[in-house]
Amino acid sequence: MLRALINSQIWLSRVFDQLLPPKFTLNGNRHFIESFAPQHIAENTTVYDIGGGKNPYLNLDRKKELNARVVGLDIDPEELSRAPQGAYDETICTSITSFKGNHDADVVICQALLEHVNGVEAAFASISSILKTGGVALIFVPSRNAIFARLNLLLPQSVKKAVLHSIFPHTQRDQGFPAYYDKCTPSQFKKLAARHEMDVVDEKYYYTSSYFSFCFPAYVLWRGWVLLFHAVRGEQAAETFSMALQKCSRDASEHQPRQKTAV
């Protein structure tokens, strides 16, 4: 009975979203995977997948198609060991906040990881050290400005994990890790990129999430807040966002960043 009620509320929330402009209903995680990241990954490249663990961004077919060399970097050795055979050509078990790279990556993938890192400044320094000059870091992250992020920071880990998994059972496999949202806002990320020799060459902002869809009245109130917040603060109202950060040349006279994509 309770599950049927929750499913009906989720259905109503989806119907309500059809009344909104497409900009406010674009699924950020799906867009990053299917559209944002692929356009920045060329053939014959070295890719560092940071925090991908058992779910690497490039599946085996796509990896073979691109002839990519993929390095998996994750703090959890068990997560790395559960990745499909052949997904990684090399694995590194360490924290992104302490790793020092060799400037050998064409692409760094960092998908839904940095919100779980307590020390994002150090993570940016590490990502910069991994990238070669002209290489690109592709990042997808929930924003600290989102209401769900603020609630996440307030609730005890055991409580929010139990609530999340009971309402959305499909999240048990990949969601529910502790989150800090340290500096996870569009404005802070741009400052961090500049401090660590990276330019923002592409960006996309998303204004939807499913966290309140289990209660239709709450969902409508939240949607109203997002629309108001966006009218006042623009991209700072994003629930999640994607950024492509290009490593600058150490010689500023040689640096020619890609043309930034307007959003």
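This is a guided tour of a predicted model, moving from a helix to the sheet and then to a few single residues.

**Helix α1**

Begin by selecting residues 2–17, which form helix α1. At 1.5 Å a residue, these 16 residues should span 22 Å, and because the C-alpha atoms at the two ends lie 23 Å apart, the helix agrees with that expectation. Next, show the side chains of Ile6, Gln9, Ile10, Ser13 and Asp17, which are buried in α1. If you turn the view to look down the axis of α1, its buried residues fall within an arc of 100°, so they line one face of the helix.

**The sheet**

Now select the strands, which make up an open sheet of 7 with mixed pairing, in the order β3-β2-β1-β4-β5-β7-β6. At its edges are β3, residues 90–93, and β6, residues 198–206, each of which pairs on one side only. Following the sheet from one strand to the next, you will find a twist that averages 15°.

To look at one pairing in detail, select residues 46–50 and 105–111, which are strands β1 and β4; they run in the parallel sense and are joined over 3 bridges. Within this pair, centre the view on Tyr48, whose bridge partner in β4 is Val108.

Keep the sheet displayed and add residues 28–36, helix α2, which packs on the sheet and touches β4, β5 (131–142), β6 and β7 (240–247). The direction of α2 makes about 130° with that of β6.

**The cysteines**

Which cysteine sulfur is closest to that of Cys110? Select Cys110 and Cys184 together: the closest sulfur is in Cys184, at 9.4 Å, and since a disulfide requires sulfur atoms within 2.5 Å, this is too far for a bond. The structure as a whole holds 0 disulfides.

Is Cys110 buried or exposed? Its relative accessibility is 1%, and it therefore counts as buried. Move then to Cys215, which has a relative accessible area of 28% and is partly exposed.

**Ser126**

For the last stop, select residues 120–130, helix α5, and pick out Ser126 within it. Ser126 counts as buried because its relative accessibility is 2%, under the 20% limit used for that word. Adding Ile96 and Phe99 to the view shows what Ser126 touches, when residues up to four places away in sequence are not counted.

How values were computed. Residues are numbered from 1 along each chain as its sequence is written. This is a predicted model: local features need pLDDT of at least 70, side-chain atom pairs count only at pLDDT 80 or more; totals for chains, interfaces and linings use all residues. Side-chain values use heavy atoms; hydrogens and water are left out. Helices (H or I, at least four residues) and strands (E, at least two) are DSSP runs, numbered from the N terminus. The expected span of a helix is 1.5 Å times one less than its number of residues. Buried means under 20% relative accessible area, exposed over 50%, partly exposed in between (1.4 Å probe, protein chains only). The arc is that of the directions from the helix axis to the C-beta atoms. Two strands pair if DSSP finds at least two bridges between them. Axes are lines fitted to C-alpha atoms, for helices over the stretch in contact, and angles run from 0 to 180 degrees between N-to-C directions. Contact means heavy atoms within 4.5 Å.
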